[in-house]
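I opened the notebook to look up ring pairs, cores, strands and annotated spans. My notes follow below.

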Amino acid sequence: MISDIITILIVGAMISAIYALIAIGFTMIFGVGGILNLTHGALLMIAAYAYFVTQPYIGRAGGVIVGIVLAAVASYGVYMGLVRYIEENVVITFMATIMAALALQEAMTMAFSQQAQVLTPIMPGSVAIAGTRMQYDQLLAFVFSWVMIGMLWYYVTNTKDGRAILATSMSERGAIFTGVDLPRVRRQTWLIAGAFAGVGGIFIGRLQQTSPEMWLEPLTLAFMIVIIGGVGSIKGSIIAAYLIGYIETLTVALLGAPYRVVVALLIIIAVIMYRPEGLYGREYLE
Amino acid sequence: MSSDTVFRIDELRKEFGGLVAVDDLSFDLQDDEILGLIGPNGSGKSTVFNCIMGIYDVTGGSVQFRDTDITKLDTHDIVNRGIARVSQESNPIPSSTVGENIDLFTYPNDIFSLTGGASQAEILDIARRFDLDEKLDTLPGSLPHADVRRLEIAKALATEPEMLLLDEPFAGMNQAEIRELSDQIRDIHAEGRPIIIVDHNMKGLMSIVDRVVVINSGQKIAEGSPEEIANDETVQKAYLAGAEVTN
Amino acid sequence: MSNEYDRSGEPVVQRFTREFLGEPNRYQIASAGVALLALLTVPFWAGQYLYVFALASIWAIFAMGWDIISGHTNYISFGHSALSGGAAYTTGVLVHNVNPDMAMYITFPLSILAAIVIGLLFAVPTLRLEGPYFSLITLLGVLVLTQLVYIYGEYTGGELGITAVSTLTYNLTNLYYYTLIPMLLIGAVLVVVSQSNIGRILRAIGENEAAIESSGIDTTRFKLWAFLMSAITMGIGGAMLAHFYGNITPSTVLVVDRSLEMVAIAVIGGMGTIAGPIGGAFVFIILRDEVLTVFGSTGRWLALWLIVLFFLVFLRDGIFPFIWSRIGSIGGGRDE
């Protein structure tokens, strides 16, 4: 019994850390431009396949770096090549980004077939923690997640560019008044969001699956987490990621994996009914 | 002519998080009156209007219209009870013409009504009042600023209100346009509609309002005739602190 | 003065057509007539494509069902196949588990009811709020329903689905008219709704919801009403699809890709117009099943999604409103 609880605590923490990685980029992009980027899940897929393809040639660390860089570049590309031209219309952007994700899914299917691929462990081996056997890669995901959150926190509080991002996500009008270069902020945000998605994608691809359809589930997770956390709030997203991560772990332990999405729907309906602004959402001032 | 209180705000309070935007504000409106609600920028005037119209949920207090409590009603219910508001931002439907925009504001709130709403002649009448009759087929995007503002008032009148809230109606207008609009507001009032006008600048209001309520930081700091207010020291100070002189 | 607001004494019939159809010129009327005639006579000029055209008719119903809520109000649903798929599965589960010979006059209404119930689960919590909540719920909703089909595989047949549903007919010409006529009837109703006050209010909600609320319109009620019309339409189409295929699998009637196809059809045809999505369905299905097959089974999908992207970026209004206004300017249209 006790050991079950410990297992849930540890497994939940590992999976939540990855969810936080996925949700942060999604919420940042919403924060600075009011855009829900539905290609976000496809960026994860790009990183996972990049690792899959390059790792045999340039090694595991090299594969990870290429995956992160490629996801960041792809994110930047989605913004510069598509979203930039349509972002004034939120609804069109919403639909266009999901169509772009579908196109990427088909492109990946053409390149690698529908078959799910198995990724080489980034750090092979496993260790028993309090009786729970964890792969090193799960621990690595946890460490990566918090290191990246720490780096992001430093960036948005201690650098000029980072502070501009933070200011824009608080008040776009206010940021423009204080001389923030909005297009530059948006470009940087998409780049950073892509890098976060890249890290998340490599771990999801490694620990769950790497297939052309792997984009959808992380996308819905990010979407849910951001609504629960309060759209635009990074702190809210991290907390909501852990909330969802643990609830999922519990659901899998008690009801079985197929019920994950059912429980998720019930939670999101409850949030929408009773606290639609989310944990850290704000009511708008005039 | 005897006058009755048609509208009353009682101890109205609105907080955003910990921030108090409207602080236990009370005032009333007589049915033959034009009331000016003035205050420096950020003093909570528009928030008061948003609370009246049901756009914000109020934190405390009540809003009464014709002896009915309308505090908790939805915006559309309040409009259908006879209060129309002309907001500070112009927000016409961009893809519809001026005429269609006015027409839209006459549609019945009925999910089975396929063709209700004002007749073409009625729309023409409303448009004529604001010199928009030549522009009924124009898209709002190609109208000059003053016409867009007139369209907003025309739309509000199309809902056949018994009382009107005007939020900074003179913003961005030149002297001639302000004079013309003032006349139109007087006409609307003369048809038996009490009006509340919000503005941060007293000067434009002086000639048309009967009474003024001044608020600062969400609190009422003065109330009286336009002359009294113009000479009130508290008011002068509040405006100086807000770096805006009433001149 | 000569604007369209001086029309005292206009004949009733003329006013009626103007209210509901705008003021089409003779070329527009002619082309709409030709298109309708072409659809009604497909067996005589495109007999080999009857199956594809019949399928396109059903997809036209789905696209119209999506359009009356999402295309008009801009509350984008990514899960409309949960409504149609829910209806199709209701038909299938009844036939498969209760009585293989259950009559259509029982299964059909129950299927439509299922679509309405699923729809209300989506709509009631979310449609009173502005923002992306509705889209998230619809997306999750279709994923949940798909998952439930697998979880209750003993009743639904799981991945392989249910094959016991009776097919409408094996005669392709009859099959075509069985799908075309209901589609045109639904289309006629929805075009009238779309061109009436209700449609204008719904489109105004899509452009500026706060503004239309301040005209005294209860926007939540109108959104729910539009969604109810949508759910009924999806229910009819879903039950028809079950009988069209004669079998029901998650991948043919339910998965989220089917929902996104509905979005794609409405975008290509012209969102918010009802008639546009009808045409869009024929364009999309013919592209998918006949033209783009040259790129192979995966390549055609890539090509399709890229085409939809092209429309979203360069021709947001869709192809049919574009053609309609082009034809409208042939006779030297008024000022547009």
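Before looking up strand partners I fixed my terms: two strands pair if DSSP finds at least two bridges between them. The model I am working from is predicted.

**Entry 1: strand β3 of chain B**

I began with strand β3, residues 34-38 of chain B. Is it mostly covered or open? It is mostly covered, with five of its five residues buried. I then checked which way the residues point. I34(B), G36(B) and I38(B) point one way from β3(B), while L35(B) and L37(B) point the other way. Every one of these is buried. I noted the general pattern: in a regular strand the side chains alternate between the two faces of the sheet.

Next I looked up the partners. β3(B) is joined to strand β8, residues 195-199 of chain B, by five bridges, and the two run parallel. Which residue of β8(B) stands opposite I34(B)? I found I195(B) there. Strand β9, residues 211-216 of chain B, is joined to β3(B) by four bridges, also in parallel. The bridge partner of G36(B) in β9(B) is V212(B).

**Entry 2: nonpolar cores**

I searched for cores next. The largest nonpolar core has 239 residues. M95(A), I268(A) and I102(B) have the most contacts inside that core. Which element gives the largest share of this core? It is α4(C), with 16 residues.

I followed I268(A) further, leaving aside its neighbours within four places in sequence. In chain A, I268(A) is in contact with M224(A), I227(A) and I228(A). In chain C, I268(A) is in contact with L136(C), I137(C) and L140(C).

Another core, of 31 residues, lies apart from the largest one. Its residues include L37(B), F49(B), I52(B) and I70(B). I had already met L37(B) as a buried residue of β3(B).

**Entry 3: aromatic pairs**

A search of the whole structure gave me 23 aromatic pairs over all chains. One of them is Y51(C) with F244(C), a tilted pair at 5.0 Å centre to centre and 35 degrees between the planes. This pair links distant parts of the chain, 193 residues apart. Y51(C) is in helix α4 (residues 50-73) of chain C, and F244(C) is in helix α11 (residues 219-245) of chain C. Are the two rings' residues buried or exposed? Y51(C) has 38% relative accessibility, so I logged Y51(C) as partly exposed. F244(C) has a relative accessible area of 5%, so I logged F244(C) as buried.

I then took W59(C) and F62(C). Their ring centres are 5.1 Å apart and their planes are at 85 degrees, so I called this pair edge-to-face. Both lie in helix α4 of chain C, three residues apart, about one turn of the helix. W59(C) is buried at 3% relative accessibility. F62(C) is buried at 1%.

I also found a cluster linked by ring pairs: W45(C), F53(C), Y176(C), Y177(C) and F282(C). In chain B, I noted K14(B) over the face of F16(B), at 5.0 Å from the ring centre.

**Entry 4: annotated spans in chain A**

Last, I consulted the record. The unreviewed UniProt entry annotates "transmembrane region" on spans of chain A, including residues 85-104 and 189-207. I compared these two with the model. Residues 85-104 of chain A are 85% helix and 0% strand, with end C-alpha atoms 19 Å apart. Residues 189-207 of chain A are 100% helix and 0% strand, with end C-alpha atoms 27 Å apart.

How values were computed
Residues numbered from 1 in each chain as written. Chains lettered and ligands numbered in written order. Predicted model: local features only at pLDDT ≥ 70, side-chain atom pairs only at ≥ 80, totals over all residues. Heavy atoms only, no water. Phe/Tyr/Trp six-rings, centres within 6.5 Å; stacked < 30°, edge-to-face > 60°. Buried < 20%, exposed > 50% of the residue type's maximum accessible area, 1.4 Å probe, protein only. Lys NZ or Arg CZ within 6 Å of the ring centre and 35° of its normal. Core = buried A, V, L, I, M, F, W, Y, C linked by side-chain atoms within 4.5 Å. Contact = heavy atoms within 4.5 Å. UniProt positions renumbered as here; feature names shortened; annotations may be inferred.
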